Amino acid sequence: MRGWMGKFKALFLLSSLALILSGCGKENLTALVPKGYGAESSFNLIILTTAVMSLVFLAVVIVFVIVLLRYRKKKGQEDFIPKQVEGNQTLETVWTVIPIILVIIMAVPTVIATFDLADTSEASEHINIDVTGNQYWWHFDYQDEDFQTSQDMYIPAGEKVYLNMLASDVQHAFWVPSISGKMDVNTDNVNTMYIEAYEEGVYWGKCAELCGPSHSLMDFKVIVVSPEEYEQWVADMQSVDPDEEPQDAVAQDGKALFEENSCMGCHAIGEGPDQPVGPGLTNFGDRTKIAGFLEPTKENLIDWIMDPESIKPGNKMTGKYPDLSEDEADKIAEYLMQLQPSDVTPESAGGLK
Ligand code: CUA
């Protein structure tokens with residue numbers, strides 16, 4: 001019976017482990033396949049500390065096993081008292097000095113990397129983006145380029161991008177595991193960091209601080225495109241005319257409904273405030289996700305518009321506008337899905353994987 005239980009326990013442990021590890025498979029959502037400067041710097045520290053700790057573990061196990069085998073009580077020596085070594089100065093020195101050396105080996109590179117990643121002295125020579133964390137979405141204000149976007153942050157490959165981060169409501173944390181380290185986004189002080197992505201791609205970003213019932217749905221993406229595509233995207237975003245009428249009648253009705261139901265009060269299309277109430281929708285038709293985590297289909301958008309609370313509990317859109325019929329929601333969705341001001345999209349970076 002005991003053997004059977006043991007085997008069952010081992011099987012349970014192994015299968016749980018396999019299940020947990022299977023969640024680590026996304027190559028654009030893992031700190032273990034670094035694709036940016038901050039992530040690489042962190043990864044090197046992970047390897048260093050893991051190596052040092054493994055070494056310590058191995059040394060302890062080896063000494064433990066040797067002592068266990070060599071100094072166990074032998075037959076005929078039941079009354080034997082071994083030599084007492086407490087207060088041995090050499091031993092005390094050795095096991096004090098070795099840990100100090102190990103801590104120094106881990107601490108020096110960690111402190112250097114921490115200061116390096118926090119160094120914003122060259123910020124004025126590079127792209128600066130003001131990032132605002134909100135329950136439960138991200139706002140990106142491109143300072144010098146004078147436009148805003150949300151949820152999908154576009155940056156050029158191989159260039160430093162400086163982020164100035166503040167929260168509008170509660171504390172959040174900004175983390176793009178493949179590209180950068182993690183940074184708290186506070187309500188009362190601006191935290192700064194820089195990120196640099198090595199290659200084009202669409203990378204997952206996560207809010208890494210429990211911030212409310214939909215914290216786990218507060219995803220965003222970093223779209224890394226070539227420098228030329230980035231220039232193109234910026235120019236396209238800057239030249240959006242929010243008053244431009246859509247081509248077809250359904251979308252035109254949608255635009256009218258969008259205005260009538262005061263959606264504009266929170267959602268800017270084109271130039272908007274630096275810290276808006278809701279996500280800017282200038283290039284909504286190119287979003288990788290709807291509400292941060294739903295597939296970007298019209299059906300999902302209609303569901304979201306009609307009943308946001310059931311999709312993202314605690315969001316601030318619920319109850320801010322009159323109930324809409326499915327037909328009205330359909331028209332608004334059609335209008336929003338057509339907001340595609342640029343040929344540079346997540347697909348330009350290889351699409352979301
Ligand atoms: Cu924002 Cu968790």
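Me: How is the expected span of a helix worked out, and what does this give for helix 2?
Reply: The expected span is 1.5 Å times one less than the number of residues. In this predicted model, helix 2 (residues 37–70) has 34 residues and should therefore span 50 Å. Its end C-alpha atoms lie 49 Å apart, which agrees.

Me: What span is expected of helix 3, and how far apart are its end C-alpha atoms?
Reply: With 29 residues, helix 3 should span 42 Å, and its end C-alpha atoms are 42 Å apart, so the two agree.

Me: Why is helix 2 said to lie largely in the open?
Reply: A residue is called buried if 20 or more other C-beta atoms lie within 10 Å of its own. Of the 34 residues in helix 2, three are buried, so the helix lies largely in the open. Those buried residues are Gly38, Ala39 and Ser42. Helix 3 (89–117) and strand 8 are among the elements covering them.

Me: What makes helix 3 "hardly covered"?
Reply: The count of buried residues among the 29 of helix 3 is zero.

Me: Why are strand 3 and strand 8 placed at the edges of the sheet?
Reply: Five strands form an open sheet of mixed pairing, in the order 3-2-1-5-8. Strand 3 (147–150) and strand 8 (191–195) each have a single partner strand, so one side of each has no neighbour in the sheet. Neighbouring strands of this sheet are turned by 25° against each other on average, direction ignored.

Me: How do you know that strand 2 and strand 3 pair?
Reply: Pairing requires at least two bridges. Strand 2 (residues 137–142) and strand 3 share four bridges, in the antiparallel sense. In one pairing, aspartate 141 has glutamine 148 of strand 3 as its bridge partner.

How values were computed: Residues are numbered from 1 along each chain as its sequence is written. This is a predicted model: local features need pLDDT of at least 70, side-chain atom pairs count only at pLDDT 80 or more; totals for chains, interfaces and linings use all residues. Helices (H or I, at least four residues) and strands (E, at least two) are DSSP runs, numbered from the N terminus. Axes are lines fitted to C-alpha atoms, for helices over the stretch in contact, and angles run from 0 to 180 degrees between N-to-C directions. A residue is buried if 20 or more other C-beta atoms lie within 10 Å of its own, exposed if 12 or fewer, and partly exposed in between; C-beta atoms are placed from the backbone. Two residues are in contact if their C-beta atoms, placed from the backbone, lie within 7 Å.
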